[in-house]
2 protein chains.
Amino acid sequence: MHRSQLAGFIIDCRTGDIGEAAEFWSSALGLSSVADPRSDATRYRRLEPGPGGLELEVQRVDHESRVHLDIETDNVEAEVGRLEALGAKRVESVHSWVVMEAPTGQRFCVVRAFSKGFDDSARRWE
Amino acid sequence: MHRSQLAGFIIDCRTGDIGEAAEFWSSALGLSSVADPRSDATRYRRLEPGPGGLELEVQRVDHESRVHLDIETDNVEAEVGRLEALGAKRVESVHSWVVMEAPTGQRFCVVRAFSKGFDDSARRWE
């Protein structure tokens with residue numbers, strides 16, 4: 001058995017200035033932009049509060065700008081296998097997470113569970 | 001004065017089969033896929049429950065697959081003007097909504113407010 005759930009949405013921005021990108025999205029969405037002490041401040045800003053505890057982040061990236069979603073899980077390899085069985089493809093492993101591509105074409109990430117209350121709210125897969 | 005807030009995220013899928021696309025995302029995220037009686041069933045499926053009342057939808061599109069966000073407002077023209085002042089560009093009007101492009105490159109939509117409790121939760125812009 002393992003668990004997983006939608007963890008959040010990441011606004012990937014091809015930019016040299018994460019502060020400027022986060023300032024736009026913070027103002028556009030009426031949310032606060034916060035540097036997360038757990039993350040590289042030159043690459044990430046959190047937008048708060050995320051609805052229902054959802055993680056919203058602005059990320060500086062080198063690839064084209066887009067929006068992607070993260071699935072969090074207590075077992076990354078088991079979750080990647082479950083998603084492969086549904087038709088998704090593993091693209092690459094980066095640090096502790098895995099980048100995947102949906103059969104409908106979007107890139108998304110499978111990451112280690114980090115949300116409060118994950119054990120109670122996540123879906124169980126037997 | 002007008003109001004706006006983040007309304008939700010739409011998973012745009014270039015596919016001939018909205019049912020198959022929605023089935024993947026429903027299974028991947030552990031959410032229910034529901035045909036919305038307000039919408040064209042050949043183009044849209046809702047994924048429920050969205051965290052914190054956020055709207056999550058799978059949409060059949062003709063352009064490339066991506067994920068985009070919607071901002072809902074009680075005054076579409078005023079909100080488009082506010083976002084233009086922040087650096088976003090108006091791309092096109094479609095039905096009652098406006099497609100925009102962020103200065104960081106992502107497309108997003110400004111739509112008429114539809115969420116329950118919008119008047120209480122939305123941000124006020126003077």
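## A threonine and its partners

The side chain of B:Thr73 reaches the backbone nitrogen of B:Asn75 at 3.0 Å. A polar atom of that B:Thr73 side chain also lies 2.7 Å from the backbone oxygen of B:Arg3. These values come from a predicted model.

B:Thr73 sits in strand β5 of chain B, which covers residues 66-73. Is B:Thr73 buried or exposed? B:Thr73 is buried, because its relative accessible area is 1% and buried means under 20%. Beyond its neighbours within four places in sequence, B:Thr73 is in contact with several residues, among them B:His2, B:Glu79, B:Val110 and B:Phe118.

## Two copies, one axis

A turn of 180 degrees, with a shift of 0.0 Å along the axis, lays chain B on chain A with an RMSD of 0.0 Å. That is the relation of a two-fold axis. Which residue of chain B comes closest to the rotation axis? B:Gly52 does, with its C-alpha at 1.8 Å.

## Where the chains meet

Chain B and chain A each bring 34 residues to the contact. Of the interface residues of chain B, 100% are also interface residues in chain A, so the copies meet through the same surface.

The two chains bury about 2800 Å² between them, with 76% of it on carbon and sulfur atoms. In chain B, the most area is lost by B:Phe24, B:Thr104 and B:Gln106, together 21% of what that side buries.

The interface has zero salt bridges. It does have 14 residue pairs in polar contact. Helix α1(B) gives the most to the side of chain B that touches chain A, with six residues. That side divides into 22 nonpolar, seven polar and five charged residues.

Methods. Residues numbered from 1 in each chain as written. Chains lettered and ligands numbered in written order. Predicted model: local features only at pLDDT ≥ 70, side-chain atom pairs only at ≥ 80, totals over all residues. Heavy atoms only, no water. Least-squares fit on C-alpha atoms with pLDDT ≥ 70 in both. Contact = heavy atoms within 4.5 Å. Helix = DSSP H or I, 4+ residues; strand = E, 2+ residues; numbered from the N terminus. Buried < 20%, exposed > 50% of the residue type's maximum accessible area, 1.4 Å probe, protein only. Polar contact = N/O pair within 3.5 Å; in protein donor to acceptor, adjacent residues only side chain to side chain. Buried area = accessible area lost by both parts, 1.4 Å probe. Salt bridge = Lys/Arg side-chain N within 4 Å of Asp/Glu carboxyl O. Nonpolar A, V, L, I, M, F, W, Y, C, P; charged D, E, K, R; others polar.
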